[in-house]
Amino acid sequence: MEAEKPNKQIEMQAMLEATAPLILSMEAWFGQAYPYRKLDLIAVPDFTWAGMENASAISYREDFIFVNEQTTTKAYNDVVETHAHALAHQWLCNLVTPAW
C-alpha cells in the first residue's frame with residue numbers, strides 16, 4: 001500500500017498565516033508600506049539555499065516553508081525567522097537593486 005502523500009497546501013498554511021503579521025510589523029518598522037503589488041511564496045523541492053529573495057517573490061527550499069505536526073518548535077521558529085529575513089529584503093536589498 002502506498003504511503004499517504006503530504007498535503008502541501010496544509011503544510012504551507014502556517015507560513016501564509018505568519019506572513020501578514022510580519023509584513024504589518026515591517027511596514028511599521030520601516031515606516032513604509034510593502035513596496036510591491038503582490039508577494040509570491042514559492043516552494044522548490046530541490047533548492048540549494050533556504051530561500052532566495054526577489055522583488056515580490058521569494059523561493060524557499062520546501063523544508064524551509066512547509067510545517068506539519070512533526071515540525072518541532074525550534075524548526076518552526078527557524079522557518080519563521082528565515083521567512084522574516086526574506087521579507088525584510090523586500091524593503092532593503094530589493095529596493096536598492098539596479099533596474100537592469
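A residue counts as buried when its relative accessible area is under 20%, as exposed over 50%, and as partly exposed in between (1.4 Å probe, protein chains only). The model in front of you is predicted: local features need pLDDT of at least 70, side-chain atom pairs count only at pLDDT 80 or more, and totals for chains, interfaces and linings use all residues. Residues are numbered from 1 along each chain as its sequence is written, and side-chain values use heavy atoms, leaving out hydrogens and water.

Let's start with two residues that meet.

| Residue | Place | Relative accessible area |
|---|---|---|
| Gln-90 | segment after α2 | 0% |
| Ser-56 | loop between β2 (51-54) and β3 (57-61) | 13% |

Gln-90 is buried, and Ser-56 is buried too. The side chain of Gln-90 reaches the backbone nitrogen of Ser-56 at 2.8 Å. Ser-56 also has a positive phi, near 65°, although this residue is not a glycine. Most residues other than glycine have a negative phi.

Now for the helices. Helix α1 (residues 8-30) packs with helix α2 (residues 73-88) at an angle of about 45°, and their axes lie 10 Å apart. The two helices are therefore oblique to each other, a word for angles that are neither under 35 degrees, nor over 145, nor from 65 to 115. Contact here means heavy atoms within 4.5 Å. Among the residues making the contact are Leu-22 and Phe-30 of α1, and Tyr-76 and His-83 of α2. By class, the contact of α1 with α2 has 12 nonpolar, 2 polar and no charged residues.

Definitions and conventions
Axes fitted to C-alpha atoms, helices over the stretch in contact; angles between N-to-C directions. Helix = DSSP H or I, 4+ residues; strand = E, 2+ residues; numbered from the N terminus. Nonpolar A, V, L, I, M, F, W, Y, C, P; charged D, E, K, R; others polar. Polar contact = N/O pair within 3.5 Å; in protein donor to acceptor, adjacent residues only side chain to side chain.
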